[in-house]
Amino acid sequence: MIFCKGEIPSIKQIRNALAEFEALSGLSASPGKSSAFFSGVNVRVKETMLQELGFQEGSLPVRYLGVPLLSTKLKAVDCQGLVDSIFAKTKCWTNRDLTYAGRVQLIKNILFSMQTFWSSLFILPKKVIKEVESILRAFLWSGLDLKRTGAKVAWEHLCAPKDEGGIGFKSMAIWNKAAVAKHI
């Protein structure tokens with residue numbers, strides 16, 4: 001990703017830098033795979049910039065490293081990929097005879113870590129947090145069937161530390177706030 005001012009001289013500098021990079025490394029930017037994104041640039045200048053670079057104009061949202069790049073606040077619909085991947089992961093484990101302890105380890109080590117990357121980048125919508133925790137809860141108590149009923153202990157109690165009687169799961173809402181706070 002390259003950022004610059006929305007001016008023709010900046011674009012010429014980028015084009016020159018890309019040409020020098022290509023001359024030194026033999027690698028070049030692929031115009032078919034590269035896009036330019038604009039904000040606050042008039043149409044005439046935008047068209048000139050696109051001609052200078054030889055790229056196509058992109059539109060948001062676009063995915064980068066699996067997460068959406070947005071110009072607005074993150075919405076639940078933008079996080080559907082995260083929810084779907086966690087749901088799919090719970091369905092792909094083929095052993096229907098996993099014990100509670102086995103499911104606890106899978107939740108702690110695999111399913112929770114899937115949302116950690118997103119949590120470190122965005123403040124996740126409450127709806128997404130509830131949906132993911134609902135999938136984790138259903139997987140813990142009913143395995144691959146993902147039944148929404150039959151919880152033996154409230155999720156909040158399971159999120160307590162082991163020395164306080166919980167399993168040591170992390171509350172996604174608290175984890176999300178802590179992970180995003182590192183940007184401060």
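**Close-up A. The lining of the second largest pocket, by residue class.** In this predicted model, the second largest pocket is lined by 7 nonpolar, 2 polar and 6 charged residues. The pocket holds about 320 Å³ of space. Of the 15 residues in its lining, those closest to the centre are Lys126, Ile129, Ser171, Ala173 and Lys177. Helices α5, α6 (155-158) and α7 (172-181) each supply at least two lining residues. The largest share comes from α5, with 5 residues.

**Close-up B. The largest pocket and the elements around it.** Here the view moves to the largest pocket, with a volume of about 890 Å³. It has 27 lining residues, and the closest to its centre are Met1, Ile2, Ser35, Ala36 and Phe37. If you would like to trace the walls, look for α1 (8-25), β1 (35-36), α2 (43-53) and β3 (62-64), the elements that each give two or more residues to the lining. By class, this lining has 20 nonpolar, 4 polar and 3 charged residues.

**Close-up C. Helix α7 and its two sides.** Which residues of α7 are buried? They are Met172, Asn176, Ala179 and Val180. Around the helix axis these four cover an arc of only 95 degrees, so they sit on the same side of α7. There is a handy rule for reading such a view: an α-helix has 3.6 residues a turn, so residues three or four places apart point the same way. On the other side of α7, Ile174 and Lys177 are exposed. Lys177 will be familiar from the second largest pocket, where it is one of the lining residues closest to the centre. The buried residues of α7 pack against α4 and α5.

**Close-up D. Asn176 and its contacts.** Zooming in on one residue of helix α7, we find Asn176. Its relative accessible area is 3%, and buried means under 20%, so Asn176 counts as buried. Leaving aside residues up to four places away in sequence, Asn176 touches Ser119, Phe122, Ile123, Leu124 and Ile129. Among these contacts, Ile129 is also one of the residues closest to the centre of the second largest pocket. For a sense of scale, the C-alpha atoms of Asn176 and Phe87 are separated by 19 Å, while the two residues are 89 residues apart along the chain.

**Close-up E. Helix α3, its length and its buried face.** Helix α3 covers residues 80-92, and at 1.5 Å a residue its 13 residues should span 18 Å; the C-alpha atoms at its ends are 18 Å apart, which agrees. Where in α3 are the buried residues? Look at Leu82, Val83, Ile86 and Thr90. Seen down the axis, the buried residues fall within an arc of 100 degrees, so they line one face of the helix. Their packing partners are α4 (100-121) and α5 (126-142).

**Close-up F. Thr72 in the loop before α3.** The last view shows Thr72, in the loop between β4 (67-69) and α3. Is Thr72 buried or partly exposed? With a relative accessible area of 49%, Thr72 is partly exposed, because that class lies between the 20% and 50% cut-offs. Thr72 and Pro61 are 11 residues apart in sequence, and their C-alpha atoms are 9.2 Å apart in space.

Terms used
Residues are numbered from 1 along each chain as its sequence is written. This is a predicted model: local features need pLDDT of at least 70, side-chain atom pairs count only at pLDDT 80 or more; totals for chains, interfaces and linings use all residues. Side-chain values use heavy atoms; hydrogens and water are left out. The expected span of a helix is 1.5 Å times one less than its number of residues. Buried means under 20% relative accessible area, exposed over 50%, partly exposed in between (1.4 Å probe, protein chains only). The arc is that of the directions from the helix axis to the C-beta atoms. Contact means heavy atoms within 4.5 Å. On a 1 Å grid over the protein atoms alone, a cavity is a set of points where a 1.4 Å probe fits but cannot get out, and a pocket is an open set with protein on both sides within 12 Å along at least five of seven lines; lining residues have an atom within 4 Å of a point. Grid points are joined across faces, edges and corners, and a volume is the space filled by probe spheres set on the points. Ala, Val, Leu, Ile, Met, Phe, Trp, Tyr, Cys and Pro count as nonpolar, Asp, Glu, Lys and Arg as charged, and the others, Gly among them, as polar.
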